[in-house]
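Reader: I have not seen this structure before. Could you take me through its parts, one question at a time?

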Amino acid sequence: METKQGDFGPPRDEQELSATADIMMHSYAMAPADAAAWTQRVGAANLRLLREGGRVAGTLVSIPMGQWYGGRDVPIIGVGGVGVSPVHRGHGTATRLMQSLLREARESGAPLSTLYPATQPLYRRVGYEHSGARYEIRVQVPAIDVQERTLSLRAIEERDEAAITACYQRMAQWRQGWLSRSPYLWARVRAPRAGAAHGYLVEGASGVEGYVYLVRKQTTGFNQELIASDLVANTPAAARRLLSFLGDHRSLAKEAVWYGGADDPLLPLLREQTYSVKLDMHWMVRVLDVAKALEARGWPVGLSGALHLEVEDDLLPENRGRFVLEVSDGVARVRRGGEGRMRMHVRGLSSLYTGFLSAEALRAMGALEADDASVRAAVSLFWGPQPSIRDMF
Ligand SMILES: CC(C)(COP(=O)(O)OP(=O)(O)OC[C@H]1O[C@@H](n2cnc3c(N)ncnc32)[C@H](O)[C@@H]1OP(=O)(O)O)[C@@H](O)C(=O)NCCC(=O)NCCS
């Protein structure tokens with residue numbers, strides 16, 4: 001079935017909005033009221049649907065936001081809530097929905113799209129590839145032996161919003177892949193699915209130095225689990241103050257959980273390894289615009305070099321062909337042409353771009369072909385911390 005113009009777009013009326021809620025209900029096993037509330041919260045402007053035979057067959061949420069790469073905020077289109085009506089499944093609807101979304105996303109000017117896959121072949125088929133990870137960090141609360149109460153801690157109030165956002169950004173911008181959050185993502189921090197979150201901030205001489213949003217969930221008997229939808233510390237004192245605060249829950253809370261990178265900087269502050277770090281999910285990126293994506297990210301300062309790339313892309317022909325990437329002073333310039341010494345599908349470029357896999361690893365897996373000199377240059381240029389994301393969307 002071919003997708004015609006007009007088949008793809010936001011819901012046109014209440015009837016299509018309720019068809020969207022219906023698909024969400026079936027796809028994610030939601031209660032009808034929760035599915036309706038979810039579509040309202042997301043808003044018609046962010047929903048996209050595919051009509052087939054005059055009916056809504058598939059839906060998704062398109063979330064414009066950013067991701068930090070090399071200290072720069074790269075615009076992305078986040079994709080969530082992909083669902084196809086049970087009666088339409090197995091006929092390529094999700095594939096066509098994603099193809100339409102990707103063409104629209106490219107036209108929007110964002111150079112990347114990012115998502116969490118519940119199934120990978122669907123997204124690989126349209127050009128996404130593994131590009132980073134989200135880990136679950138689970139700390140035993142009674143074993144938190146940090147005692148520090150010098151900085152003052154208080155409940156977050158509405159007037160603190162700008163200071164909290166700035167505090168998050170100070171940390172996130174140096175964590176490869178972390179989100180530059182849109183209001184939709186902040187709403188998920190403050191009102192997560194896990195329950196009501198209570199926010200606490202830590203203040204020092206220079207203002208807000210850290211904060212935590214915490215859901216206290218009852219487990220067995222009176223026992224609790226602490227779920228931090230966000231936990232940020234920008235100074236050592238704030239880090240120790242927040243760990244002490246979690247420890248203050250130790251009479252009933254057995255574990256505290258939060259998400260992010262495997263290299264969480266709070267963990268080395270604990271005396272022993274009284275925690276686990278477990279892969280939650282790999283996330284995938286699709287490069288929408290090769291030249292724009294390479295120019296939008298930050299690059300290692302003090303390194304300069306050039307790469308001659310050749311990219312294959314079966315969905316977005318604008319990405320096909322040869323590019324020369326020149327990096328110097330932390331900035332990249334890209335022009336068309338060159339010798340195409342490093343050849344890859346646009347999927348391989350995603351893993352390379354974020355620093356998830358090195359050019360060496362990609363070549364060893366057959367995802368990239370290049371001479372040794374090009375591989376060595378690419379290993380240095382794309383070197384960086386392992387990419388991760390705290391948020392789920
Ligand atoms: C996953 C889902 C969106 C697929 O919709 P669809 O229109 O049937 O998908 P397509 O026909 O375009 O199939 C594309 C590929 O997706 C994969 N796929 C399709 N249905 C799948 C399913 N139920 N489970 C796992 N993978 C599936 C297959 O690899 C398929 O390719 P193949 O048939 O060549 O193997 C649909 O089954 C659904 O809504 N499921 C529940 C919600 C969900 O999991 N959403 C994804 C969240 S990231």
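**Domains, sheet and helices**

Reader: How far apart do the C-alpha centres of domain 2 and domain 3 lie?
Author: This is a predicted model. The domain assignment places domain 2 at 135-279 and domain 3 at 289-381, with domain 1 at 8-127. Between the C-alpha centres of domain 2 and domain 3 the distance is 36 Å.

Reader: What is the order of the strands in the open sheet of 5 strands?
Author: The pairing in this sheet is mixed. β14 (residues 305-312) runs antiparallel to β15, with 7 bridges, whereas β14 and β17 (residues 342-345) run parallel, with 4 bridges. The edge strands, each pairing on one side only, are β16 and β18 (368-370). The full order is β16-β15-β14-β17-β18.

Reader: By how many degrees does the twist average from one strand to the next?
Author: The value describes the open sheet of 5 strands. From one strand to the next, the twist averages 25 degrees.

Reader: Which residue in the turn between β15 and β16 has a positive phi?
Author: β15 (residues 321-328) and β16 (residues 331-336) pair in the antiparallel sense over 6 bridges. They form a hairpin, with 2 residues between the strands. The phi in question is about 55 degrees, and the residue is Asp329.

Reader: Which residue in β16 is the bridge partner of Val324?
Author: β15 and β16 are antiparallel. Glu326 stands opposite Arg333 in β16. For Val324, the bridge partner in β16 is Arg335.

Reader: What is the bridge partner of Glu312 in β17?
Author: β14 has bridges to β15 in the antiparallel sense, and there Leu307 has Leu325 as its partner. With β17, β14 runs parallel. Glu312 has as its bridge partner in β17 the residue His345.

Reader: Which strands does helix α11 touch where it packs on the sheet?
Author: The sheet has the order β16-β15-β14-β17-β18. Helix α9 (residues 346-354) packs on this sheet, touching β14, β17 and β18, and its direction makes about 110 degrees with that of β17. Helix α11 (residues 372-381) also packs on the sheet, with its direction at about 105 degrees to that of β14. The strands touched by α11 are β14, β15, β17 and β18.

Reader: Is α1 parallel or oblique to α2?
Author: Helix α1 (residues 14-27) and helix α2 (residues 32-42) pack with their axes 8 Å apart, at an angle of about 125 degrees. That angle makes the arrangement of α1 and α2 oblique.

Reader: How many nonpolar residues are in the contact of α1 with α2?
Author: The crossing of α1 past α2 is right-handed. On the α1 side the contact has Leu17, Thr20, Ala21, Met24 and Met25, which meet Pro32, Ala35, Ala36, Trp38, Thr39 and Gln40 in α2. Of the residues in this contact, no charged ones are found, 3 are polar, and the nonpolar ones number 8.

Note on methods:
Residues are numbered from 1 along each chain as its sequence is written. This is a predicted model: local features need pLDDT of at least 70, side-chain atom pairs count only at pLDDT 80 or more; totals for chains, interfaces and linings use all residues. Side-chain values use heavy atoms; hydrogens and water are left out. Two strands pair if DSSP finds at least two bridges between them. Domain bounds come from an automatic or database domain assignment. Axes are lines fitted to C-alpha atoms, for helices over the stretch in contact, and angles run from 0 to 180 degrees between N-to-C directions. Angles under 35 degrees count as roughly parallel, over 145 as roughly antiparallel, 65 to 115 as roughly perpendicular and the rest as oblique. A crossing is left-handed if the near helix is turned anticlockwise from the far one by less than a right angle, and right-handed if clockwise. Contact means heavy atoms within 4.5 Å. Ala, Val, Leu, Ile, Met, Phe, Trp, Tyr, Cys and Pro count as nonpolar, Asp, Glu, Lys and Arg as charged, and the others, Gly among them, as polar.
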